[in-house]
Amino acid sequence: MAIVVRRTLFETVGQGGPLVELVKEMESFFNKGGISTKTRVLSDFYSGRTDRVVHEAEVDSWADYQRIGGVINADPAAFKAWFARPSGLIDGAEVEAWQVH
């Protein structure tokens, strides 16, 4: 059964563009190791709690999503270099994991 993991990033005001680009780069970690994911990046600067960038990843199973962590752990230097870059862009985050029926 498919799983959708949605990570909502609350950006520092005015940093939407750079954060969207950074989130798109994060997808390279999802694509390593032949893990099949369907992803999309959404942005909301005008409604609800504003200044949000959302990354959604749909995988076939929770085990597939956990394998992504294994791919990241296999190249910790690359992930550490990427993870240092959003400093000052993100003001908080939430994560949801949804089972698709």
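In the predicted model, four strands are assembled into an open sheet, in which the order is β2-β3-β1-β4 and the pairing is antiparallel. The edges of this sheet are occupied by β2 (38–44) and β4 (90–99). Each of these two strands has a single partner, so one side of each is left without a neighbour in the sheet. From one strand to the next, the twist averages 15 degrees. The antiparallel strands β1 and β4 are joined by nine bridges, and F10 is found opposite G92 in β4.

Two helices were examined for their packing on the sheet. Helix α1 packs on the sheet and touches β1, β2, β3 and β4; the direction of α1 makes about 15 degrees with that of β3. Helix α2 also packs on the sheet, where it touches β1, β3 and β4. The direction of α2 makes about 45 degrees with that of β1.

The arrangement of helices relative to each other was considered next. Two packed helices are described by the angle between their axes and the distance between the axes. For α1 (residues 16–31) and α3 (residues 76–84), the axes come within 11 Å and cross at roughly 170 degrees. Angles over 145 degrees count as roughly antiparallel, and α1 and α3 are therefore roughly antiparallel to each other. On the side of α1, the contact is made by L22, E25, M26 and F29, while α3 contributes A78, F79 and W82. The residues of this contact comprise six nonpolar, no polar and one charged.

Empty space in the model was also analysed. Rolling a probe the size of a water molecule over the atoms shows where empty space is left. The largest pocket has a volume of about 310 Å³. It is lined by 18 residues, of which R7, M26, F30, Y65 and F79 are the closest to its centre. Two or more lining residues are given by each of the elements β1 (3–11), α1, β3 (52–59), α2 (62–74) and α3. By residue class, the lining of the largest pocket divides into 15 nonpolar, two polar and one charged. Both M26 and F79 also take part in the contact between α1 and α3.

Terms used
Residues are numbered from 1 along each chain as its sequence is written. This is a predicted model: local features need pLDDT of at least 70, side-chain atom pairs count only at pLDDT 80 or more; totals for chains, interfaces and linings use all residues. Side-chain values use heavy atoms; hydrogens and water are left out. Axes are lines fitted to C-alpha atoms, for helices over the stretch in contact, and angles run from 0 to 180 degrees between N-to-C directions. Angles under 35 degrees count as roughly parallel, over 145 as roughly antiparallel, 65 to 115 as roughly perpendicular and the rest as oblique. Contact means heavy atoms within 4.5 Å. Ala, Val, Leu, Ile, Met, Phe, Trp, Tyr, Cys and Pro count as nonpolar, Asp, Glu, Lys and Arg as charged, and the others, Gly among them, as polar. On a 1 Å grid over the protein atoms alone, a cavity is a set of points where a 1.4 Å probe fits but cannot get out, and a pocket is an open set with protein on both sides within 12 Å along at least five of seven lines; lining residues have an atom within 4 Å of a point. Grid points are joined across faces, edges and corners, and a volume is the space filled by probe spheres set on the points. Two strands pair if DSSP finds at least two bridges between them.
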